[in-house]
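Dear colleague,

I am passing on the structure we spoke about, and below it you will find my notes on what turned up when I went through it. Please read them with the coordinates open beside you.

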Amino acid sequence: MAGNKKKNIKPKSLDKPTESPPGEEASYFTTSDMANNAPGSPMLQGNFEGPPTKDPSSSYLSGSDPEISGDGTEVIKSDGYLEPHREYFGQRFAHFKRWVRDIELSEGGIDKFSRGYESYGLHVTAEGVRYREWAPGAKEASLVGDFNNWDVAANPMTRNDFGVWETVVANTADGQPGIPHGSHIKVTFVTGSGERVYRLPAWSRYVTQDLTKSPIYEAVFYNPPQRYTFKNKRVVPEADLCIYEAHIGISSPEGRVATFKEFTQNMLPMIKDLGYNAVQLMAVMEHAYYASFGYQVTSFFAPSSRYGEPDDLRELIDTAHGLGIAVFLDVVHSHACNNVEDGLNQFDGTDHCYFHEGGRGRHELWNSRLFNYGHHEVTRFLLSNLRYWIEEFGFDGFRFDGVTSMMYKHHGIAYGFSGHYDEYFTGNTDEEAVVYLMLANYMCHKLYPGFVTIAEDVSGMPALCRSVSEGGVGFDYRLTMSVPDMWIKMLKETRDEDWDMVQIAHQLTNRRYQERAITYCESHDQALVGDKTLAFWLMDKEMYTHMSDMSPLTPIVDRGLALHKMIRLVTCGLGGEGYLTFEGNEFGHPEWLDFPREGNGSSFHYARRQFSLVHDENLRYKYLYRFDRAMVHLERQHHWLSAHDQWVTLKHNDDKVLAFERGGLVWIFNFHPTNSYTDYRVGVAWAGKYNVALCTDDAEFLGHSRIDASVDHFSTPMEWNARPNYIQVYLPARTAVVLKHD
């Protein structure tokens, strides 16, 4: 895995731009695809095993929650092509309800069940420090560390019938915890073969790494004398999500790992200034290999100590809440690091403690372990992990990574999704993983109204973002992963004069009915080494020589700045119900992102964000920053991301003009590289006066000031572009204008 981010491997087809005929309603699949899945087609069943049920009568009973009293087929009402799979949805929902019922019977409900972090791991009690761990394959267990001179006989553990080990380290004579704050600790097991092994506690909350000694992490007992006290109320994420995706460690212009405190002091004010109402933190869960971008998690309950202490993260989130910014966590429950000494792999000496045994428990391309989502204790661990990040730190939402890998037994490896529904609802699907995701979404939304969950899925799974009560998987949003691929493909392969307005409009509106999406031009994927950001594709080497206001505005830079603004605006305006950018890309950050590793001499040169470029008044990056800020603030005023009036008015390939209505605004784009149009006629829904709300050609954004914002445009009551009125506007080449009406 060295040097490779695990998501470079992804399934085919639906993560690619698709085509549709002009004027056809946007959907994931063509008419021929859907015809192949007509009612009456044969359906293969999934694998519905579920958890062991203590009460046989509970197999198909709902829990006590009336919200899940249905049969899981409500989603079929809005998608007739799901009808052949009615039995599948009924069985899947019964599987989910069986889990809920069994948790109620055995654990007292999902609320108590998901609070495992309150009983497992290390906890200070009146009697001493209690330590509890699930390790069913171990024959003996002891807690060792600095506090007992690593004596395996000092604090032996006792086991119950379910493989849970426990011990209490008594308080000192003066009543202090028997394990001092900052002590290094491990749990040691005697395995079934008689071997003694040492592991980090699975529920460790703080682990540290000293690369001068070893790359192996050490667990640290975190019990500071004073804990951080939250000052601000939690934030309920807004309906119009504008997400600023960020990585703590690279959030500095210096060649080093940045900290939580620096992010709080330097990044949050900038995010607030830009207008983003949510920040999505990547690579927070502790991971042994920095260059993995956080996708090789070793300690699921520990914020990465590279960035500071856990209380520093609490302060960051609390400060964001004080600014009205929601904070989302990138959750990696799709797999776990293969490490043994400081990870979960072979935790109790067996191959199958938290994971499937054998080949099913290994991801062959990511070199990582795959969870056994059908196991009661594994589900407790994962659901409790989610609750821990919410309760202990105050996160307001989760981005679930690698959902495609979770939902399919083939993990999307070398698999091309054609769009036929049988690909989603047959034996290819890992129902245990899907039902786990249903449980996770059900828990988050039931216990925390307004909480947001986002799925990273490239397969196009139907009903992924429909509520669990309807029979969906329960996510609030999916990422539109095909949109950035479309832009990169066009910039790489298509001349400007050949850009297809029909294809652009189709791809940006290619979303499932009643399923919301987060759209973006580029995320961290496009910034990582091996790819280029939009700015780099557009301007390449001239970013090194002609991004100064002291240098001539070359045709390449002029084109690059214009298209950078237009691509972001049309994507934000038409592409989804939420918008995302990755830090630095909003101002056209030069170069790529590459973490220190053996292949680059352990250099931090590309593992940083040069925000100083924006603040240098002699450089042109400030113009892109200004435009991004203006765009996001305009959304905050008009809320088009949550509007329901989207209408594509015009897709003219010869003129390279795209126009649409959304959020009470009229959006007009002229992508033609050379042609400008006077008195260009565009159909509009609303009669009256129109004026400029935003223009990419303004001098403030290093445009050419060809559009006079003081000019009003009055509608004419005549049908045009299937709208009852029209306006006439001046459209300079490579310019976009957004108009509001009185």
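What percentage of the 742 residues of the protein count as buried? The figure is 62%, and I should say at once that it belongs to a predicted model, as does everything else in this message.

To begin with the overall picture, the protein has 16 helices and 30 strands, and its C-alpha atoms fill a box of roughly 85 × 65 × 45 Å when the box is taken along the principal axes. The radius of gyration is 27 Å, which agrees with the value near 27 Å that a compact globule of 742 residues would have. Among the contacts between residues at least 6 apart in sequence, 74% join residues that are at least 24 apart.

Turning to the sheets, one open sheet consists of four strands in the order β1-β2-β5-β4, with antiparallel pairing, and its edge strands are β1 (121-124) and β4 (158-159), each of which pairs on one side only. Within this sheet, strand β2 (residues 128-134) and strand β5 (residues 164-170) are joined in the antiparallel sense by seven bridges, and W134 has V164 of β5 opposite to it.

A second open sheet is made of three strands in the order β15-β17-β16, and here too the pairing is antiparallel. The edges are held by β15 (336-337) and β16 (362-363), and because each has a single partner strand, one side of each is left without a neighbour in the sheet. Strand β17 (residues 368-369) runs antiparallel to β16 and is joined to it by two bridges, with R369 in β17 serving as the bridge partner of R362.

Following this sheet is L370, which is placed in the loop between β17 and α6. L370 has a relative accessible area of 5% and is therefore buried, the cut-off for that word being under 20%. Leaving aside residues up to four places away in sequence, L370 touches S334, H335, F355, H356, R360, G361, R362, H363 and H411. For a sense of distance, L370 and A535 are 165 residues apart in sequence and 37 Å apart in space, taken from C-alpha to C-alpha.

Among the helices, I looked at one packing in detail. The axes of helix α6 (residues 376-393) and helix α8 (residues 431-447) come within 11 Å of each other and cross at roughly 30 degrees, and the crossing of α6 past α8 is right-handed. On the side of α6 the contact is made by T379, L382, L383, L386, R387 and I390, while α8 contributes Y436, L439, A440, M443, C444 and L447. Sorted by character, the residues of this contact comprise ten nonpolar, one polar and one charged.

Two strand pairs also deserve a look. Strand β12 (residues 285-287) and β13 pair in the antiparallel sense over three bridges, and the bridge partner of E286 is S299 in β13. Is β13 enclosed or open to its surroundings? Seven of the seven residues of strand β13 (residues 297-303) are buried, so this strand is largely enclosed by the rest of the structure.

The other pair is β23 and β24, which run antiparallel and share five bridges, with L650 having A659 of β24 as its bridge partner. These two strands form a hairpin with four residues between them, and K656 in the turn has a positive phi of about 60 degrees.

That brings me to the backbone angles, which you may wish to inspect yourself. Most residues other than glycine have a negative phi. K656, in the loop between β23 (647-652) and β24 (657-662), has a positive phi although it is a residue other than glycine, and K656 is also buried, with a relative accessible area of 6%. A463 is another such case, for its phi is positive, at about 70 degrees, and it is not a glycine. The loop that holds A463 lies between β19 (452-455) and β20 (477-479), and A463 counts as buried at 3% relative accessibility.

With best wishes

Note on methods
Residues are numbered from 1 along each chain as its sequence is written. This is a predicted model: local features need pLDDT of at least 70, side-chain atom pairs count only at pLDDT 80 or more; totals for chains, interfaces and linings use all residues. Side-chain values use heavy atoms; hydrogens and water are left out. Two strands pair if DSSP finds at least two bridges between them. Buried means under 20% relative accessible area, exposed over 50%, partly exposed in between (1.4 Å probe, protein chains only). Axes are lines fitted to C-alpha atoms, for helices over the stretch in contact, and angles run from 0 to 180 degrees between N-to-C directions. A crossing is left-handed if the near helix is turned anticlockwise from the far one by less than a right angle, and right-handed if clockwise. Contact means heavy atoms within 4.5 Å. Ala, Val, Leu, Ile, Met, Phe, Trp, Tyr, Cys and Pro count as nonpolar, Asp, Glu, Lys and Arg as charged, and the others, Gly among them, as polar. The radius of gyration is taken over C-alpha atoms; the globule rule is 2.2 Å times the number of residues to the power 0.38.
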